[in-house]
Amino acid sequence: MPSYTAETARALVRGHQVHRDVYVSDEVYRLEMRHVFRNAWVFVGHDSQTPNKGDYFTTQVGDQPVIQVRHSDNEIYVLYNRCPHKGTKIAIDRQGNTGKFFRCPYHAWSFKTNGCLLAIPLKKGYEGTGLSETENGQGMKAVGAVHNHRGFVFARLAETGISFEEFFGDSLSSLDNMIDRAPAGRMEVAGPPLRYMHQCNWKMLVENQTDTCHPMVAHESSAGTAVKLWVEMGNPEPRPPAMQIIAPFMSSYDFFENIGIRTWPNGHGHTGVKGSIHADYEAIPGYFDAMKDAYGEARAKAILDENRHNTVYFPNIMVKAPLGQLRNFIPLGANKTLVESYVYRPVGAPDELTTRSHLYNRMINAPTSIVGHDDLEMYERAQEGLMSDGLEWVDLHRLYEEGEDFSVEAVDNGTTERQMRNQFDAWAKFMQDTPGPAEAAE
Amino acid sequence: MSTPTRDDLIDFIYAEARMLDDGRFEDWLALWMPEGHYWMPLEWQQKDPHSASSYLYEDNFMLRLRVERLSAERTFSQKPKSRCNHVIQRPFVDEYDPDANRYITHTSMHYVETRLDEQQLLALTARHELTLVDGALRIANKRVDLLNCDAAFGNIQLLP
């Protein structure tokens, strides 16, 4: 296997094709963790997971263990989950409340909840040793930058680089639509995420979110069988929520071509520009009235008429605005990905909305989900098949046009692989040794 | 039978496990009351299936779909097929109420599922709510709690 650098790794992306090493090489994986996940803005968690001062939640940004914590100033901080002394993880439970400070369980070094060093036992042993002049002497290190967008917390590991606003740009319209669907204009996490382990590269999962040529094929076993069963039962109406959810997976190529795909700069994009497989769910009593009271009829209607399917936020999350869902594709290795699928409760909406989102989540995103079984089988077969030396390149030609410009927003045929090419364009863009120039002070 | 004995309840739990191990899924479906739910919570000691996600909360249609899918022509995740094995402890009869026609058992088990080179072991408890219909026991509801419900799993394709 060749020895890669950020520069040579960029050559693995050619627009209409990518080299299989972007999925299978441990070296390329380390480079993308070191550069792409360092220079991009990566999802951390929701601030309702840490509602009170001292509340914390542990997760990863790329392969970096971090703690999201609410400090005494009520702001969310994201700290590397490591004691500056010996490296011990400060918190290993998924969530909890640490009070006014973190205390390392090994030697009792303690830190304020913004990471600053609070105290070290027998401190005089460090007098004149130079510890206080080192980075380790300052406390738990914080990530480069944190941004809380209406409850959704993102981090950039690099100290300098692209700003949050420039990185996401107009793509925030999908996240905003999801949040706007709450009459109170905010969401709250609705229980723990479903956690589903995949023996494949994280990018396969992200690409699949805007792959509209697979549902009617890979999901014929689940959605196709559901439709067949329903016909055998005599097509009874009204269809229960489970059928409303699963049947549209069998929509035709025509349907998916027509709903369109939009791409934004920096690797973001979504399916379902004009309608989506989520557009025909039954209305939930009381919901529209609550929306109307909050926003007025015209605005409420505009919010609910936007039925985007999957929005990919580069590098590694997908948001399903009509269902209040977010899936976090956490890379654990070149061939290992943990998927955490969250449901958020739209504050001020009837509980039935959240019930439907949980139904969707377990039907589609659980390790016990028949739709999930279909997908995982394809990813893991691909991960194994890519070890073949017969062909070295993975194809992304579908509706490819020479000289595609990903620096501008575009809307295209809904079966294009343009969004996948857009992700790889961003991947190459952020695969840089040095981040961009420092952003202006906010 | 007009009233099941405690042994009848216990034998029923063993027979159900054997049906699943033998892959007799149509027979297994016939054990269910039409309104019954198969619930596998996501959270430890989860209170209800609606306020948080679950692994399963399958009604009769979803159970039938699951069974149909296992043998459908283009079910690629079942080529080759998975197999399972239940090792169960003698069930406790937690509630024995012939007057209400309601019987509840609590069963610890080790569930093994395998396909190709992979095999996984799940420790779990199953709570069965049983009822007697036309002289035969039926599953009114079933709840399965995984000991490691908070762990991340790969595919679990068959049913404990």
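# Exercises on a predicted two-chain model

In this model, the side chains of Asp180(A) and Arg299(A) come together in a salt bridge, with 3.1 Å from N to O. The model is a predicted one, and the exercises below begin from this pair.

## Exercise 1. The pair Asp180(A) and Arg299(A)

Task: find the elements that hold Asp180(A) and Arg299(A), and state how far apart the two residues are along the chain.

Solution. Start with the positions: Asp180(A) belongs to helix α5 of chain A and Arg299(A) to helix α12 of chain A, so that the salt bridge links distant parts of the chain, 119 residues apart. Next, take the accessibility of each partner. Asp180(A) has a relative accessibility of 11% and therefore counts as buried, because buried means under 20%. Arg299(A), with a relative accessible area of 39%, is partly exposed.

Finally, look for further partners. Salt bridges with shared partners join Asp180(A) and Arg299(A) to Arg150(A) and Asp176(A) in one network. Of these residues, Arg150(A) sits in the loop between β10 (145-149) and β11 (152-156) of chain A, and its phi is positive, about 50°, although Arg150(A) is not a glycine. Its relative accessible area of 33% makes Arg150(A) partly exposed.

## Exercise 2. The faces of helix α12(A)

Task: decide which residues of helix α12 (residues 297-305) of chain A are buried, and explain why they line one face of the helix.

Solution. The buried residues of this helix are Ala300(A), Ile303(A) and Leu304(A). Seen down the axis of α12(A), these buried residues fall within an arc of 90°, and so they line one face of the helix. On the other side of α12(A), by contrast, Ala298(A) and Asp305(A) are exposed. As a last step, consider what covers the buried residues of α12(A): the covering elements include α5 (172-180) and α11 (287-295) of chain A. Helix α5 is also the one that carries Asp180(A), the salt-bridge partner of Arg299(A) in α12.

## Exercise 3. The surroundings of Gln419(A)

Task: determine whether Gln419(A) is buried or exposed, and identify which polar contact its side chain makes with another side chain.

Solution. Gln419(A) is placed in helix α15 (residues 418-430) of chain A, and with a relative accessibility of 0% it counts as buried. The side chain of Gln419(A) is in polar contact with that of Asn422(A), at 3.0 Å. A polar atom of the Gln419(A) side chain also lies 3.0 Å from the backbone oxygen of Gly267(A). When neighbours within four places in sequence are left aside, the residues in contact with Gln419(A) include Thr210(A), Ile261(A), His268(A) and Val312(A).

## Exercise 4. Where chain A meets chain B

Task: describe the interface between chain A and chain B, stating how many residues each chain gives to the contact.

Solution. Chain A contributes 40 residues to the contact and chain B contributes 34 residues. Between them the two chains bury about 3100 Å², and 58% of this area is on carbon and sulfur atoms. There are 17 residue pairs in polar contact between chain A and chain B, counting pairs with both residues at pLDDT 80 or more. On the side of chain A that touches chain B, several elements give two or more residues, among them α8 (220-232), α13 (351-364) and α14 (370-385) of chain A. The residues on that side of chain A divide into 21 nonpolar, ten polar and nine charged.

Now turn to the charged pairs. Side chains of opposite charge can pair when their charged atoms come close. Across this interface there are four salt bridges, whereas the structure as a whole holds 33 over all chains. One of the pairs between the chains is Arg74(B) with Glu220(A), at 3.0 Å from N to O; it runs from the loop between α3 (60-70) and β3 (83-88) of chain B to helix α8 of chain A. Arg74(B), at 43% relative accessibility, counts as partly exposed, and Glu220(A), at 27%, is partly exposed as well. Asp374(A) and Arg69(B) form another salt bridge, in which the closest N and O atoms are 2.8 Å apart.

## Exercise 5. A cis peptide bond beside a salt bridge

Task: find which residue is joined to Pro238(A) by a cis peptide bond, and name the salt-bridge partner of Glu237(A).

Solution. The cis peptide bond joins Glu237(A) and Pro238(A), with omega about -5°, and Pro238(A) is found in the loop between α8 and α9 of chain A. Glu237(A) forms a salt bridge with Arg239(A), their closest N and O atoms being 3.7 Å apart. Glu237(A) counts as exposed at 60% relative accessibility, while Arg239(A), at 28%, counts as partly exposed.

Terms used:
Residues numbered from 1 in each chain as written. Chains lettered and ligands numbered in written order. Predicted model: local features only at pLDDT ≥ 70, side-chain atom pairs only at ≥ 80, totals over all residues. Heavy atoms only, no water. Contact = heavy atoms within 4.5 Å. Buried area = accessible area lost by both parts, 1.4 Å probe. Polar contact = N/O pair within 3.5 Å; in protein donor to acceptor, adjacent residues only side chain to side chain. Helix = DSSP H or I, 4+ residues; strand = E, 2+ residues; numbered from the N terminus. Nonpolar A, V, L, I, M, F, W, Y, C, P; charged D, E, K, R; others polar. Buried < 20%, exposed > 50% of the residue type's maximum accessible area, 1.4 Å probe, protein only. Arc of directions from axis to C-beta.
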